[in-house]
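Trainee: Could you walk me through this model and show me how to read its features?

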Amino acid sequence: MASAPKSVAAAFDQFDTTISLNPAERGRAMLRHQQVTAALVDAGLALSTFLQGSFARKTMRRPLKDVDIVVLLPTALMAEYFSPDGAARIHERFKPVLRARFGDHIRFDVTANAGKALQLCFDDVDFTVDLVAAFADPAGSELVYIADRQERAWEESNTRTLKRVVAERNSDTGGRFVHQVRMLKEFRAQHDELEDLVGLAVESLAFGAVRSQMSHARALTTALRYAATGVLGRVMDPTGVDDLSLKWSDAQRQTYATI
């Protein structure tokens, strides 16, 4: 039996360890990322890839369920695929390449059929991989254009900016911010009334509140106080572009504010 922590700080550290992804599990996810990337690069279907989502930002709490990989397609493929029809067809190009690499160990879109991602399911790991096809902005900005096969469109995304600003905030807080976000997401998970409050909204509220290095106890207190009034207004994502609260009803806002 683990001994009880001897201080508030130690208790928070123990809590963080309990909810954080297992290092071995994270290692398996990183290896699978490398394997998928190598297969697509070797086939000429990717210039490179990068991770996105809470796994990439290190704000994901356990268990690891899915890993998002953005595939940056070669510019030469734009003429063939940067069209409504191409947004659907490019995902089909990935399938034979990945079957050749993983054989019978891989299946596609088993538990989800998302427009913006081809779901990869493997029989040797518990998590899935969401493969997102994208073209980089020809102007050289951080923007990417992501394929949506259901909407038959290529949608502008600032996912690289989001990843960068969260990493910068984590640096500004002495590496504590991502740990504190995970704790707040665990708080959200323990309250059924917050079920519809998406993880990025929790992360965004924390981003608005925690701007400098502070103890976990102070950071969580600060974030919860901020959120109690913050949810009554606009909740912008950390890049300041998207209002994540746009579709919230007044009843939802009041519920979130009183937890």
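Mentor: Sure, and let's begin with handedness: a crossing is left-handed if the near helix is turned anticlockwise from the far one by less than a right angle, and right-handed if clockwise. Keep in mind throughout that this is a predicted model. With that in hand, take helix 7 and helix 9: helix 7 passes helix 9 in a right-handed crossing.

Trainee: Beyond handedness, what describes two packed helices?

Mentor: Two numbers do the job: the angle between the axes and the distance between them. For helix 7 and helix 9, the axes come within 10 Å and cross at roughly 55 degrees. That makes helix 7 oblique to helix 9.

Trainee: Which residues make the contact between helix 7 and helix 9?

Mentor: From helix 7 you have His-179, Gln-180, Met-183, Leu-184 and Phe-187, and they face His-216, Ala-219, Leu-220, Ala-223 and Leu-224 of helix 9. Sorted by class, that contact has 7 nonpolar, 3 polar and no charged residues.

Trainee: Now helix 7 with helix 8. At what angle do their axes cross?

Mentor: Helix 7 covers residues 177–189 and helix 8 covers residues 199–209; their axes cross at roughly 130 degrees and come within 9 Å. Angles over 145 count as roughly antiparallel and 65 to 115 as roughly perpendicular, with oblique for what is left between those ranges. So helix 7 is oblique to helix 8. The crossing of helix 7 with helix 8 is right-handed.

Trainee: And which residues of helix 7 and helix 8 meet?

Mentor: On the helix 7 side they are Phe-177, Val-181, Leu-184, Lys-185 and Arg-188; on the helix 8 side, Gly-199, Val-202, Glu-203, Ala-206 and Phe-207. By class, this contact splits into 6 nonpolar, 1 polar and 3 charged residues. Notice Leu-184: it is listed in the contact with helix 8, and it turns up in the contact with helix 9 too.

Trainee: Is the crossing of helix 6 with helix 8 left-handed or right-handed?

Mentor: Left-handed, for helix 6 passing helix 8. The two pack at an angle of about 45 degrees, and their axes are 12 Å apart. That makes helix 6 oblique to helix 8. Leu-162, Val-165, Val-166 and Arg-169 of helix 6 make the contact with Leu-200, Glu-203 and Phe-207 of helix 8. The class count there is 5 nonpolar, no polar and 2 charged.

Trainee: On to pockets. What is the volume of the largest pocket, and which residues are closest to its centre?

Mentor: For a pocket, look at volume, then lining, then chemistry. The volume of the largest pocket is about 1,200 Å³. It is lined by 35 residues, and Gly-53, Ser-54, Arg-57, Asp-68 and Leu-200 are the closest to its centre. Elements that each supply at least two lining residues include helix 3 (53–57), strand 2 (66–72), strand 5 (128–136) and helix 6 (159–172). Helix 3 has the largest share, 4 residues. As for chemistry, the lining has 13 nonpolar, 8 polar and 14 charged residues.

Trainee: How do the residues lining the second largest pocket divide by class?

Mentor: Into 15 nonpolar, no polar and 1 charged. The volume of this second largest pocket is about 260 Å³. Among its 16 lining residues, Phe-187, Leu-194, Leu-224, Ala-227 and Tyr-256 lie nearest the centre. Helix 7, helix 8, helix 9 (216–230) and helix 10 (250–258) each give two or more residues to that lining. Helix 9 gives the most, with 4 residues.

Trainee: What about the backbone: where is Pro-63 found, and what kind of peptide bond joins Arg-62 and Pro-63?

Mentor: Check omega for that one. The bond between Arg-62 and Pro-63 is cis, with omega about 0 degrees. Pro-63 is in the loop between helix 3 and strand 2. Lys-58 is placed in the loop between helix 3 and strand 2 as well, and its phi is near 65 degrees, a positive value in a residue other than glycine.

Trainee: Last one: which residues does Tyr-145 touch?

Mentor: Tyr-145 is in strand 6 (residues 144–148). Leaving out residues up to four places away in sequence, the residues it touches include Phe-82, Ala-133, Phe-135, Pro-138 and Trp-154. Sequence separation and spatial distance are worth reading together: Tyr-145 and Val-125 are 20 residues apart in sequence and 29 Å apart in space, C-alpha to C-alpha.

Note on methods. Residues numbered from 1 in each chain as written. Predicted model: local features only at pLDDT ≥ 70, side-chain atom pairs only at ≥ 80, totals over all residues. Heavy atoms only, no water. Axes fitted to C-alpha atoms, helices over the stretch in contact; angles between N-to-C directions. Parallel < 35°, antiparallel > 145°, perpendicular 65-115°, else oblique. Contact = heavy atoms within 4.5 Å. Nonpolar A, V, L, I, M, F, W, Y, C, P; charged D, E, K, R; others polar. 1 Å grid on protein atoms, 1.4 Å probe; cavity = no way out; pocket = protein on both sides within 12 Å on 5 of 7 lines; lining within 4 Å. Points joined across faces, edges and corners; volume = space filled by probe spheres on them.
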